[in-house]
Amino acid sequence: MEQFLQQLLNGLAVGGIYALVALGYTMVYGVLKLINFAHGDLFTIGAYLGLTLLVSCNFSGMLNPVLAVLAVFVMVALLVALIGFLLERTAYRPLRNAGRLSAVVSALGASIFFQNAIMLIYGARFYVYPDYLRPDFTVQLFGLAVPGVRLLVIAASVILMLGLWAFIQRSRTGAAIRAVAIDPGAAQLMGINVDRIIGLVFLIGPGLGGAAGLMVGIYYGQIDFTMGWTYGLKAFTAAILGGIGNIPGAMIGGLLLGVIEALAAGYIAIAWKDAIAFFVLILILIIRPTGILGERTADKL
Amino acid sequence: MKTEPLRIAVRVALAAVICTLPLFSNAYWTDVCVSIGLYALLSLSLNVILGQSGIFHMGHAAFFAVGAYATAILNTLCQWPIFWTMPVAGAVAALFALLVARPIIHLRGDYLLIVTIGIVEIVRIALINDVFGLTGGANGIFGISRPSFFGFRVVKGIQFYYLVWGMVGVSLLLFYGLWHSRFGRALNYIKEDDVAAEGCGVNVTHYKLMAFVLGAFWAGMAGTLYAAKMTTISPESFSFMESVIIFAVVILSGGSQIGVLISAFLFIGLPELLREFSNARMLIFGLAMMVMMVWRPQGLLPPRRRRYHVGSLVENGSGGDSSGGSDAGAGSSGQLDDAAATGGEQATGGRPA
């Protein structure tokens, strides 16, 4: 029972990170119907930028670590959002009216480009996040000793997700995003600037992804330039699990995938963890092809 | 607008260049051309599934891996000669394709795409985890013997060149015939509009599955050649990256067979010219993928809309005549996109009433 609860919390923390990355996928997919394969690498960029900022600015001398992390958190989110925005302009916008798969290949190219750019800049080795940044406390919860960093990651991802959800559901811009996701042509006729909305989506999604990258750095303490691929694929799996294009779906899918994976790692075999995640995906798609919260649309066959 | 004699001349010239190329190049470039040939072979096999049938499949490396491992295991464990393992490798890959594709074949485009990615990853993880104790784990299998025909051993690069490109030639002819057969036409129809195809009595699931099985069979045989060429295989050789490269080759080709050859050269050959920037090579590769797509999103040689003189099948006022020439509808309908098949529709009038 104790092991189960530990794995559950572990799964929720990882799942929160998956969910944050999945939100970027799902929003982009919602408005452009494009699988943005470069999203995982934007996440890696977030992790590396966070490390660089934390180390080079040496905030610890001036600020306490918590404030330093918060400041860097915001900076990373903004910088990665900017990169995502530029990516959309250069690699996706020219392909918007072309075949769907051309854009997919362009996204894969962008992914390879980013991954190798990181490798050239930072080198191919692992990087370790400075230890003093890891919040070093444990909380007693239901008789379990839970590392504080785990709770913080869960809390941060929940706050970000709720913030995004409120933005999408309550604000005028959020309504515009939803409108574009449903029908870009009709949204345009209603006076919504579709290009601006897509640009905005490419700011929000990558921003959240970059923040998630920083969180992974702090949570695991270790990053490398290929990690974006695995996380990206997992997050995409999470997005599909919940019903792609659906924002609450991405959150649920992310958390669920994290928990499934943690339990699989704990009870089946850690070496098969990733395979089990994909197996679950395939199973879910066979049973319910549009994901957990996906609407049943009039499918082609 | 191209005329028929010109097209034939281009093909003959291309064939002549391919046949004589290794006589002028050094060992290194011959080797590069062998890998271009292998990728061309794989891409031709993916073209059956993705290019001609419009099934979003990004997991082709899985079938390639199954074929290569089948050859490696049969050769090292049972001492089968390489050429005997070839049809078996193809058959094993085809069987695997049948098993994995059956439950997922009905999924819509992007879902299928992501599921096939999942399959590659599952296969790779299974190989690393030494499934059934046969795959040698992360180290893979080494000591695969060279292929030989009747005592003549294929060892040198130039011999492999002719072996691989000979196979490419056979595939080109075979698939060319296939696309003009009833089977090929059915697949092409499914690509254009699977709902309409189903409505016209084409068994869509069956044909899609057959395309999968055929493509996998060919990829499995390519796996045999790969294993024989390398003599060592490991899970790393069949990562998702391989799938991505083959996928990109097929998308850039626009779905035509000659296009596949040209884009295989662009994707595999050109990066070799950048050897001296070895560190930045993949960076440039990624950039090139983006640039090529932005430059030519419809593919290098988008298929011209075929015109059949189908008087016996359909009596259709606008179809079957020669008013538009053979290039009718070429500009607008070449995209590998299930949602973009418009434009050329009226020009051909080929849609049965």
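1. A salt bridge is a side-chain nitrogen of Lys or Arg lying within 4 Å of a carboxyl oxygen of Asp or Glu. With that in mind, please note that the model before you is a predicted one, and that over all its chains it holds 8 salt bridges. Side chains of opposite charge can pair when their charged atoms come close. The next points go through some of these pairs, beginning with chain A.

2. In chain A, A:Asp195 and A:Arg96 form a salt bridge in which the closest N and O atoms are 2.6 Å apart. A:Asp195 belongs to helix α9 (residues 194-220), while A:Arg96 sits in the loop between α4 (65-92) and α5 (100-122), so the pair ties together parts of chain A that are 99 residues apart in sequence. Both partners are partly exposed, A:Asp195 with a relative accessible area of 35% and A:Arg96 with one of 26%.

3. Turning to chain B, the side chains of B:Lys229 and B:Asp31 meet in a salt bridge, with 3.6 Å from N to O. Because B:Lys229 lies in helix α9 (residues 204-230) and B:Asp31 in helix α2 (residues 27-51), this pair ties together parts of chain B that are 198 residues apart in sequence. The two partners fall into separate classes of accessibility, since B:Lys229 has a relative accessibility of 16% and counts as buried, whereas B:Asp31, at 34%, is partly exposed.

4. Another salt bridge of chain B joins B:Asp194 to B:Lys208, and here the closest N and O atoms are 3.8 Å apart. B:Asp194 is in helix α8 (residues 194-199) and B:Lys208 is in helix α9, with their positions 14 residues apart in the sequence, and the pair links distant parts of the chain. Buried means under 20% relative accessible area, so B:Asp194, at 10%, counts as buried, and B:Lys208, with 13%, is buried as well.

5. Salt bridges can also share partners, and in this model such sharing joins A:Glu88, A:Arg93, A:Arg96 and A:Asp195 into one network. The pair of A:Asp195 and A:Arg96 described above therefore has both of its residues in that network.

6. How many disulfides does the structure hold over all chains? The count is 0. Among the cysteines, B:Cys78 is partly exposed with a relative accessible area of 42%, and B:Cys200 is partly exposed with 43%.

7. At the start of chain A, A:Met1 lies in the segment before α1 (2-32) and is exposed, with a relative accessible area of 73%. Together with A:Phe4, A:Tyr267 and A:Ile268, A:Met1 makes a nonpolar surface patch of about 480 Å². A:Gln7, which is found in helix α1 of chain A, counts as buried at 16% relative accessibility. If its neighbours within four places in sequence are left aside, A:Gln7 is in contact with A:Ala262, A:Leu263 and A:Gly266.

8. Finally, two residues deserve a look at their backbone angles. A:Lys33, in the loop between α1 and α2 (39-57) of chain A, has a phi near 55 degrees, which is a positive value in a residue other than glycine; A:Lys33 is partly exposed, with a relative accessible area of 37%. In chain B, B:Thr231 has a positive phi of about 60 degrees although it is not a glycine, and B:Thr231 is found in the loop between α9 and β4 (232-233).

How values were computed:
Residues are numbered from 1 along each chain as its sequence is written. Chains are lettered from A and ligands numbered from 1 in the order in which they are written. This is a predicted model: local features need pLDDT of at least 70, side-chain atom pairs count only at pLDDT 80 or more; totals for chains, interfaces and linings use all residues. Side-chain values use heavy atoms; hydrogens and water are left out. Patches are made of residues with over 30% relative accessible area and no salt bridge: like charges are joined within 9 Å, nonpolar side chains (Val, Leu, Ile, Met, Phe, Trp, Tyr) within 5 Å. Accessible areas come from the Shrake-Rupley method with a 1.4 Å probe; for residues, only the protein chains shown count as cover. Helices (H or I, at least four residues) and strands (E, at least two) are DSSP runs, numbered from the N terminus. Buried means under 20% relative accessible area, exposed over 50%, partly exposed in between (1.4 Å probe, protein chains only). Contact means heavy atoms within 4.5 Å. A disulfide is a pair of cysteine sulfur atoms within 2.5 Å.
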